[in-house]
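Here is a short briefing for a first look at this model. Keep the sequence and the 3D view open while you read.

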Amino acid sequence: MVQRRFPPVSSVATMAALLLLAFLMSAIHVQAASPEAGTVKILGFKYEGDACPPGSAEGAVSDDGQAITMMFSKYTASTDAGVDRLRKSCTVTVNLSYPPGFRFHLGTVTMRGYAKLDAGVIATAQTSYYISGIPGTARAKRVITGAFDDDFEFTDKFNVLLYSECNVIRDLNLISEVRLVAGLITGRDDDLKLTQELAIVWESC
Ligand SMILES: *[C@@H]1O[C@H](CO)[C@@H](O)[C@H](O)[C@H]1NC(C)=O
């Protein structure tokens with residue numbers, strides 16, 4: 001019977017290799033604080049509310065997975081027809097898929113639209129979100145004070161860090177609401193759309 005001989009393994013070399021591996025893994029861990037490009041996807045996008053009739057809303061996630069953009073083509077709150085104290089809202093439910101090992105919260109919301117308000121008149125635009133099965137709601141609120149007659153772009157921070165669960169994907173529910181005493185909030189002049197961009201902040205878990 002032939003005894004196979006293995007070359008002797010240097011324990012120093014083994015130690016060095018293990019240390020290098022540990023170092024590389026910790027470097028990867030730090031770099032992987034965000035999912036890889038193209039791995040964050042919207043699998044489902046539903047919406048409901050008087051600010052977003054059927055066929056009037058779309059959603060997309062950026063390739064780098066850092067932002068969700070929602071576009072509304074009929075998001076108009078106007079007291080022109082003689083109504084006063086108007087509230088319009090839209091609830092969007094997003095099925096956001098992302099790789100295991102990550103969780104997220106929303107950092108900011110940037111709203112772009114057009115507003116026309118007389119001097120001294122106040123309008124509020126509020127966006128809130130919650131994640132199905134997780135207690136709590138995060139809110140971001142903007143007050144627009146007249147006189148105002150222009151396109152606008154406002155970025156507001158959510159008031160609490162409301163995280164998704166690690167490795168469990170649940171619906172992300174986004175509620176936007178505009179309140180007016182008098183005046184108009186609607187899409188911008190150029191594309192007639194009101195848009196909201198939500199910054200996604202990732203963490204590895
Ligand atoms: C998200 O979509 C996937 C694929 O359609 C489905 O399997 C999953 O149950 C959905 N998740 C939620 C929370 O609706």
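**A57 and the start of the tour**

A57 has a relative accessibility of 10%, so it counts as buried. The cut-off for buried is under 20%. This is a predicted model. The points below begin with A57 and its strand, then turn to the whole chain, the sheet pairings, the loops and the ligand.

**A57 and its surroundings**

- A57 is a residue of strand β2.
- Its contacts, leaving aside neighbours within four places in sequence, are F45, Y47, M71 and F72.
- A57 and S73 are 16 residues apart in sequence, yet their C-alpha atoms are 6.5 Å apart in space.

**The β2–β3 hairpin**

- Strand β2 covers residues 57–61, and strand β3 covers residues 67–72.
- The two strands run antiparallel and are joined by five bridges.
- Within this pairing, V61 stands opposite I68 of β3.
- Five residues lie between the strands of the hairpin.
- In this hairpin G65 takes a positive phi, near 75 degrees.

**The chain as a whole**

- The protein chain has one helix and 12 strands.
- In sequence order the helix comes before the strands: the pattern is α-β-β-β-β-β-β-β-β-β-β-β-β.
- The chain has 205 residues, and 37% of them count as buried.
- Take the contacts with a separation of 6 or more: 77% of them join residues 24 or more positions apart.
- The accessible surface of the chain is about 11,700 Å².
- Carbon and sulfur atoms account for 56% of that surface.

**Strand β10 and its partners**

- How much of β10 is buried? Seven of its nine residues are, so the strand is largely enclosed by the rest of the structure.
- Strand β5 (residues 86–97) pairs with β10 in the antiparallel sense, over nine bridges.
- In that pairing V94 stands opposite L172 of β10.
- Strand β7 (residues 122–131) is also antiparallel to β10, and nine bridges join the two.
- T127 has S176 as its bridge partner in β10.

**S176, a residue of β10**

- S176 sits in β10, which spans residues 172–180.
- S176 counts as buried because its relative accessibility is 2%, and the cut-off is under 20%.
- The side chains of S176 and Y75 make a polar contact at 3.0 Å.
- Not counting residues up to four places away in sequence, S176 touches Y75, K88, S89, C90, Q126, T127 and Q196.
- Y75 therefore appears twice in this picture: it is among the residues that S176 touches, and its side chain is the partner in the polar contact.

**Strand β6 and its partners**

- Strand β6 runs over residues 102–117 and is mostly covered, with 12 of its 16 residues buried.
- β6 pairs with β9 in the antiparallel sense over 10 bridges.
- Here T110 stands opposite T155 of β9.
- β6 is joined by nine bridges to strand β12 (residues 194–204), and the two run antiparallel.
- L106 has I200 as its bridge partner in β12.
- A further antiparallel pairing links β6 to strand β11 (residues 184–186) over three bridges.
- Y114 has T186 as its bridge partner in β11.

**Backbone details in the loops**

- Where is A147? A147 lies in the loop between β8 (138–145) and β9 (148–157).
- The peptide bond from G146 to A147 is cis, with omega near 10 degrees.
- N167 is in the loop between β9 and β10.
- N167 is not a glycine, but its phi is positive, at about 65 degrees.

**The ligand**

- Which residues are around the ligand? They are L43, N95, I169, R170 and D171.
- Taken alone, the ligand exposes 360 Å², and the protein buries 38% of that.
- The shell of residues around the ligand divides into two nonpolar, one polar and two charged.
- An N or O atom in the side chain of N95 is 2.3 Å from an oxygen atom of the ligand.

Notes. Residues numbered from 1 in each chain as written. Predicted model: local features only at pLDDT ≥ 70, side-chain atom pairs only at ≥ 80, totals over all residues. Heavy atoms only, no water. Helix = DSSP H or I, 4+ residues; strand = E, 2+ residues; numbered from the N terminus. Buried < 20%, exposed > 50% of the residue type's maximum accessible area, 1.4 Å probe, protein only. Polar contact = N/O pair within 3.5 Å; in protein donor to acceptor, adjacent residues only side chain to side chain. Contact = heavy atoms within 4.5 Å. Near = heavy atom within 4 Å. Areas by Shrake-Rupley, 256 points an atom, 1.4 Å probe, with all protein chains shown as cover. Nonpolar A, V, L, I, M, F, W, Y, C, P; charged D, E, K, R; others polar. Pairing = 2+ DSSP bridges.
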